[in-house]
Every structure is written in C-alpha cells, then in structure tokens.
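Let's get to know this structure through a few questions about why things are called what they are. Have a look first, and then we'll begin.

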Amino acid sequence: MLQAEALRPWRGEETVDIADRTLPLSSVLDYDVARWNVRALVSDYFGTDDLENLHLDPRWNPHDPAAKQPSTAIMRNSWAAGKALREAVMERSMPVLKSLIYDRISDFVGTIRSHQTAAMMRVNFHGSRSILRFHSDQEYGQTPDTVNVWLPVTSVHGSNSMYVESAPGLSDFAPLELEYGQIFLFYGTEMLHGTLDNMSGGTRISYDFRFSI
C-alpha cells in the first residue's frame, strides 16, 4: 500500500491508477547517499568529485572555449562522455540501484514486479544543445504498468535539468530542482519530458530507469 505521506508531490496532487494502486503522477523521494552512493562510482570514473564543473575539463569536453554556445560539438561531447561512463560503471551501478528499488522505493509504492536491467546514464555539459527531445515513453512502447525514476548525481536546476509537464497533455513544463540524495518518480509513460539547451553554468549527470508494478 502506498505511504503517500512519505512521497512529496512535485506539482499538484494528481494521481494515476497503475495495476491495483493509486500513485502520484510525480513525486520526490529522499534516500540515504551513504547506503546508495552512486555518485562515488561516477566520481571515481572521472577522477574528480567536482562533477558540476566537469564541462571545464578538456579531457571530457574538448572544444574551442571561444566558440559560440550552445554548441552541437559540446552536445556530442556530452553523448560521448555519457556512453563511456555507462559502459565503465553500469556493472557496479546496477546492484546499488536494484537495492534502492526494492529496499527503498518499494516501501512507498508497494510490491515491484520487475525493473530495467541496465539503467541509462546521461551527461549534459554546460554549453550543450538539448540532448533529449520532448516525448512520452509510450512513444517507445513503454507499458502502462511502468513508473520512471530519474536520479541525478549532481545538483540540477534550470536548463541543466529535465523539464516535465505536471499532468499529461498540459505542456506546462518546469525544470526539476533536486540535490544529490533525491529521486524523481513520475508516470513517464504519458507525461511529456525532455531537456533544453544547457546554459545553466553547470554539468548534469543522471541515471534514469524504470520499474513495473
């Protein structure tokens, strides 16, 4: 049974019926970063804990600093860094995320039937053009019994974050403002979400994955 008081609604009190449960359309949930420390895996790979300023490191974001931004070249650097990061840390990440799903999230959404076996990872450098068009996941075949989880390992705000509508069809997009240690759960099957050109001054690194109930 959903413990609604433990989930903070993100925008409004709208709910969605999934299987035999009523869940918030979108909510924020805190978790213990000492127990589920996925940022450490990312920092270890990049060789720094200053992840919010990773766009300043030419090892990962080689570009002409005098070139006009937002830049397609920086977008390509973002994609390349994200792909390399995922290949390097996914095997170690999934046991941590699996525990987070079944030992934390399930306390608030009830029994979880299955989960995405390999999460996606995104790197979004400052100066990058948008890396994710606005869409709902049903466009890619996502089923109605699925809940999306978005987990940033950096502080996210403004244009380095993901923009989500408050309910399907409203298109009243707003950026998530989260710190490491917070996850965003939402009904991405129907809710539109995407990104803008990142001119926020900061890099965003995030995991996204799904589970079914």
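Q: What makes the three strands in the order 9-8-11 a sheet?
A: Strands here are DSSP runs of E with at least two residues, and helices are runs of H or I with at least four, both numbered from the N terminus. Two strands pair if DSSP finds at least two bridges between them. Strand 8 (residues 163-164) and strand 11 have two bridges and run antiparallel, so they meet that definition. The whole sheet is open, with antiparallel pairing.

Q: Why are strand 9 (174-175) and strand 11 (193-194) called edge strands?
A: Each of them pairs on one side only. Within strand 11, Gly194 stands opposite Tyr163.

A word on the source: this is a predicted model, where local features need pLDDT of at least 70 and side-chain atom pairs count only at pLDDT 80 or more, while totals for chains, interfaces and linings use all residues. Residues are numbered from 1 along each chain as its sequence is written, and side-chain values use heavy atoms, leaving out hydrogens and water.

Q: Why is Tyr180 called partly exposed?
A: Buried means under 20% relative accessible area and exposed means over 50%, with partly exposed in between (1.4 Å probe, protein chains only). Tyr180 has 21%, so it is partly exposed. You will find Tyr180 in the loop between strand 9 and strand 10 (182-186).

Q: How do you know that Tyr180 and Asn37 make a polar contact?
A: A polar contact is a pair of N or O atoms within 3.5 Å; within protein, one must be able to donate a hydrogen and the other to accept it, and residues adjacent in sequence count only if both atoms are side-chain atoms. The side chains of Tyr180 and Asn37 are joined at 3.0 Å. The Tyr180 side chain also reaches the backbone nitrogen of Val38 at 3.1 Å.

Q: Which residues of helix 1 (residues 38-46) are buried?
A: They are Val38, Arg39, Leu41, Val42, Ser43 and Phe46. Among the elements covering them are helix 2 (72-109) and strand 12 (204-212).

Q: What makes a nonpolar core, and which residues of the largest one touch the most other members?
A: Such a core is a set of buried Ala, Val, Leu, Ile, Met, Phe, Trp, Tyr and Cys residues joined through side-chain atoms within 4.5 Å. Of the 56 residues in the largest one, Ile105, Phe184 and Tyr207 touch the most other members. Helix 2 gives the largest share of this core, twelve residues.

Terms used. Contact = heavy atoms within 4.5 Å.
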